Amino acid sequence: MKWLDYSRFFNLSAKHRVASLLRLTAKDSILNKSNRILMGGGMPNPKVFLMKEGMITLKDGRTIALPPALMEDALQYGASDGYEPLLKQLNSLTKRLHSPPCWSNSQILVTAGIQSALCMAIEIFIEQNDYVVVEDPCYCGALAIMYPYNPRFLPVESDADGINPEKLRVALSKWKPEQARSATHGVPKFIYTNPNGCNPTGGITSTERRKEIYKIASEYNLIILEDDPYYFLQYREQKDFPPSYLSMDVDGRVLRFDSFSKTLSAGLRVAYVTGPRQLVDKICLYQQVSVAHPPSLSQIIISEILRTLGEDGFLEHTKQLQKFYRDQRDAIVKAASKFLSSLCEWSVPEGGMFLWLKVRDVKDSLGVVDRALKDYTLLIIPGSGFVPDGAKPCPYVRISFSVVSPQEMEEGFRRLASAIRAELEENRKSENERNHSERPELIRRV
Ligand SMILES: Cc1ncc(COP(=O)(O)O)c(C=O)c1O
């Protein structure tokens, strides 16, 4: 099979970056254990490590031992692409869940969270003033990576049904698909999307839309950055999950981002990116010179947990997560209906951890958010943080329902309702005052 010509996508830094000699020899010293004499890298000597072994107890009582030999590996430098046994487990899970059509040319790279993976991926492509396609609203952590490059955003409306393909066509209509074959016409290089339990909307992109988005990406030769930390937090049955972009990727144009943050631990910082070898290799070169490799201890803990649970056991665990967060979602929607129905509008989130509330009768939610914090000690996030053009007013607020109890949800929304009413009242007063102070002027003019 002939693979895409990926050269159009890379920026100058990515084109110039070469493999780190130290990191390459590190991989050799880790993998080739037989008859080796280590006179290469500056590895600390395990004889003087303070920590010897470890034991982790799961909540169901099972234990995960880190005996001295494994502990030594966990405390030592590791390979830049990830801990070998973990990579094997991720390969197997990815094949099982997504059956990527281009599997023979695919590669997985373990990273320190999706955030780091996204940053590296975007920064091998993006150049100052590039056009970039993002969904609108969009995960603020992705926007924050792009802002320093002064991108010309092409925001594509996203709703409860995900990113809208018709709007994507309109956004791209200033170019002809033929122009996308060369790097000289300013055609965007990628589209960023968070298709399941979108942060902030909670929407899930429908299968029909995914197919259409993939078709347009092929026409315009775009890479799809599929950011999917909430894959297992979709609230329909797992058999009804829409197919991932990776599972449709016949061209080799999808980089898929998975994370253990929402399934096993956010603090361990373990995620992985899957995609065509030519792209993942470039990201790996960036990883070599940035974090060198994701933390060995974290990777070993995740790998040992996966080994203890088994693949089926892990998937069973994700079903329990799904149920827990679905109940949280139901509770937050119930609380919103009780306290906010006359003040706000929302769609029921189909996945993820957020309720995206539109505050009626305000142009921008910043005043409400500010008042909620100062007068009612309620922390919520203003919608403007998720709008590609953050300077534009935005009447939405993002409410997280992941860690609050149903009682706190009710109390939080009681406070939010008070903050909104107080804000509306103040807006009304200042509007009246403005009308009053303008009247003499009007009378004079008459
Ligand atoms: C859409 C999205 N992408 C990426 C991340 C970051 O994930 P990680 O913890 O793996 O860095 C988050 C975290 O909340 C997120 O909501």
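These legends describe close-up views of a predicted model.

**View 1. The eight-stranded sheet is open and mixed.** Its 8 strands follow the order 3-10-9-8-7-4-5-6. Strand 3 (106-111) and strand 6 (162-163) stand at the edges. Each has a single partner strand, so one side of each lacks a neighbour in the sheet. Strands of a sheet pair through backbone hydrogen bonds, either parallel or antiparallel.

**View 2. Strand 8 pairs with strand 9 in the parallel sense.** Strand 8 covers residues 223-227 and strand 9 covers residues 254-259. The pairing runs over 4 bridges. Within it, E226 stands opposite R256 of strand 9.

**View 3. Strand 4 and strand 5 run parallel.** The two are joined by 6 bridges. V132 has F153, in strand 5, as its bridge partner. Of the 6 residues of strand 4, 5 are buried, so this strand is largely enclosed by the rest of the structure.

**View 4. Helix 7 lies across three strands.** The helix spans residues 165-172 and crosses strand 4 (131-136), strand 5 (152-159) and strand 6. Relative to strand 5, helix 7 runs at about 165°. L168, A171 and L172 are the buried residues to look for in helix 7. Seen down the axis, the buried residues of helix 7 fall within an arc of 90°, so they line one face of the helix. An α-helix has 3.6 residues a turn, so residues three or four places apart point the same way. The buried residues of helix 7 pack against strand 4, strand 5 and strand 6. They also pack against helix 8 (207-219).

**View 5. A shell of 13 residues surrounds the ligand.** The closest are G113, I114, Q115, S259 and S261. Helix 5, residues 113-125, gives the most to this shell, with 3 residues. By class, the shell has 5 nonpolar, 7 polar and 1 charged residues.

**View 6. Strand 1 and strand 2 form a hairpin.** Strand 1 (residues 54-57) and strand 2 (residues 63-66) run antiparallel, joined by 4 bridges. G54 has L66, in strand 2, as its bridge partner. The hairpin has 5 residues between the strands. There, G61 takes a positive phi near 100°.

**View 7. The four-stranded sheet is open and antiparallel.** The strand order is 11-12-14-13. Strand 11 (344-345) and strand 13 (381-382) stand at the edges. Each has a single partner strand, so one side of each is left without a neighbour in the sheet. Strand 12 (residues 354-359) and strand 14 (residues 396-400) run antiparallel, with 5 bridges between them. K358 has Y396, in strand 14, as its bridge partner.

**View 8. Helix 12 has its buried residues on the same side.** The helix spans residues 366-376, and its buried residues are V368, V369 and A372. These residues cover an arc of only 100° around the axis, which puts them on the same side of helix 12. Just after the helix, T377 takes a positive phi of about 35°.

Terms used. Residues are numbered from 1 along each chain as its sequence is written. This is a predicted model: local features need pLDDT of at least 70, side-chain atom pairs count only at pLDDT 80 or more; totals for chains, interfaces and linings use all residues. Two strands pair if DSSP finds at least two bridges between them. Two residues are in contact if their C-beta atoms, placed from the backbone, lie within 7 Å. Axes are lines fitted to C-alpha atoms, for helices over the stretch in contact, and angles run from 0 to 180 degrees between N-to-C directions. A residue is near a molecule or strand if its C-beta atom, placed from the backbone, lies within 6 Å of it. Ala, Val, Leu, Ile, Met, Phe, Trp, Tyr, Cys and Pro count as nonpolar, Asp, Glu, Lys and Arg as charged, and the others, Gly among them, as polar. A residue is buried if 20 or more other C-beta atoms lie within 10 Å of its own, exposed if 12 or fewer, and partly exposed in between; C-beta atoms are placed from the backbone. The arc is that of the directions from the helix axis to the C-beta atoms.
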